[in-house]
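Subject: Structure handover

Dear colleague,

Please find the structure below. My notes on what was found in it follow.

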Amino acid sequence: VVRRGTAGTPDEFGVQFYGSVIRDKDRFRMWYVAVDRELQRDPGCVRCLRPAYAESPDGIHWIKPELGLVEYQGNNRNNLLQIEPAPLGIINLKVLDEPDDPDATRRYKMSAQTWWREGRGRGRGTLAPLFSSDGLRWRLAVDAKPVRGLLPLENLVLPRHHFEAAGGLYKWKGVYFASGQSSRNYRHGTGNYTGREVLMHRSRDFGQWSRTASIGFRRDEQYGNPFPHDAGKETHEGVSVWHRGNVLIGLSGMWQGAGHKKDVTIDLGLLVSNDGVHFREPIRDWIFLQHGEDGKWDEGGLLQGQGFANVGDKTLIWYGSWDPRVGTNYQPRGGVGLATLPRDRFGALAVRTSDQPAEFVSGVLQADASRPATVRQRLYVNADGLSQDARLRFELLDEQEHPLAGFSGEHAAIVDEGGFRTPVSWQTNRDNAHLPARFRLRVSFEGKQRDRVRFYAAYMSSKTGGVHE
């Protein structure tokens, strides 16, 4: 949906979507990295990688507006973002929009991967945090002056280790997390493992960052005996995150190593987290989105951008591409692709044995304690395959799984029509006006055709004046 630019434009050589898409009212906003052709001649050219911007009314048809902020090849008719102080090389970036931040100049926050260098050694990745009031003009969150596009050692916000810092950016319970990729050859503790992993640093204020890191995810094959460089199954470039309230849905690169570079590929895997720190695979080593065949624009490998949105009855997911088989022999690369699936239907619960009772009990759900008493909590279900002979029975339990009067037994709610957002209503409390503050949900699959039912998600939201929030 976004292609490389024409000759003479900043992204003529590459549109690298280690970036973000954010929905802002009636438009979609995209941040990505524009790759200059000079990178082919000089692989160490940090100034050849520049943050850029695009907009769309629907997430499908995009324009690259002439922002007039940065001079490129003698004019400023381009879509490049302004970074102060400049120049600062940026290869990956992720963006958050926080309109409720009391400081309007900090509304937009960017985690970017830049570099530092010690002596004459190879540049190493590190985190550069940035603020913006409009998402177009950015300033470093720390007092620093880049030197030849690199951060000086005295201005690093992280310890001096290699961290490819912009796999994902999110806020969980008041703390910011920057996800990325660590070195390929770490050895930690009693559980030695090797290869790229998901590593995260955290911050309370987005300016001062932790000196310690959390390991968010590793693939099973990374434990045990080390494998040769690039030859194993590894976790590529952190995890991009869709914050859904009580759960984080994420995509991470699945580095499919091989004995020969020409056989290495990258797919995208699905991860989830319920604590904001530790991620897991719902299905072990399952490929969520597969790289394209040879000759396609996304051949060889995919990049996880942080771009997710529900539009109507579809979930939209934007992603990028990079073919790892070319190595440092830089070729014209990338673009932004769009994957779709039925709204929020990443996976489903279904009957395991059709001739036996089937049910599940949720974790503890908590109503929004800050809502006014006049605001009603509503429960909805995303399910398919329902009918008179294939039903879902909803009952509420307390934290110890005791049935709650008025919400269980003969008063249970029955849903026999499918949909992406079907209301759940109890006979004695049809508007859900008095849902308990904390409860568990027991859902039973009923009817002679219950094996057809697919339960995808439950939502709890507020209703005020007929408007769902």
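How many helices and strands make up the secondary structure of the chain? The answer is one helix and 29 strands, where helices (H or I, at least four residues) and strands (E, at least two) are DSSP runs numbered from the N terminus.

Two points on conventions. This is a predicted model, in which local features need pLDDT of at least 70 and side-chain atom pairs count only at pLDDT 80 or more, while totals for chains, interfaces and linings use all residues. Residues are numbered from 1 along each chain as its sequence is written, and side-chain values use heavy atoms, with hydrogens and water left out.

Confidence

The mean pLDDT (the predictor's confidence in each residue, from 0 to 100) is 90 for the chain, and 91% of the residues score at least 70. Among the elements, strand 20 (residues 336-342) has the highest mean pLDDT, 98, and strand 29 (residues 467-468) the lowest, 36. The pLDDT is below 50 over residues 464-469, a stretch that has nine contacts in the model beyond near neighbours in sequence; contact means heavy atoms within 4.5 Å. Where pLDDT is low, the predicted coordinates should not be read in detail.

Overall form

The radius of gyration, taken over C-alpha atoms, is 24 Å, which agrees with the value near 23 Å for a compact globule of 469 residues. The globule rule here is 2.2 Å times the number of residues to the power 0.38. The C-alpha trace spans about 75 × 50 × 45 Å along its principal axes. Of the 469 residues, 53% count as buried, that is, under 20% relative accessible area, with exposed meaning over 50% and partly exposed in between (1.4 Å probe, protein chains only). Of the contacts between residues at least 6 apart in sequence, 61% join residues at least 24 apart.

The accessible surface comes to about 21,700 Å², and carbon and sulfur atoms account for 46% of that surface; the areas come from the Shrake-Rupley method with a 1.4 Å probe, and for residues only the protein chains shown count as cover. There are 63 positive and 57 negative side chains, and the centres of the two sets lie 2 Å apart. Lys and Arg count as positive and Asp and Glu as negative, without His and the chain ends; each charge is placed at NZ of Lys, CZ of Arg, CG of Asp or CD of Glu.

Backbone details

The loop between strand 4 (82-84) and strand 5 (92-97) holds P85, and P87 is also placed in the loop between strand 4 and strand 5. The peptide bond from E84 to P85 is cis, with omega near -10°, and the bond from A86 to P87 is cis, with omega near -5°.

R148 is not a glycine but has a positive phi of about 55°. R148 sits in the loop between strand 8 (137-140) and strand 9 (164-172) and counts as exposed because its relative accessibility is 69%. D285, again not a glycine, has a positive phi of about 60°. D285 belongs to the loop between strand 15 (265-273) and strand 16 (287-289) and counts as buried because its relative accessibility is 19%.

A buried glycine

G238 lies in strand 13 (residues 233-243) and is buried, with a relative accessible area of 0%. Leaving aside neighbours within four places in sequence, the contacts of G238 include S179, V198, L251 and Q304. G238 and A166 are 72 residues apart in sequence and 7.6 Å apart in space, C-alpha to C-alpha.

Regards
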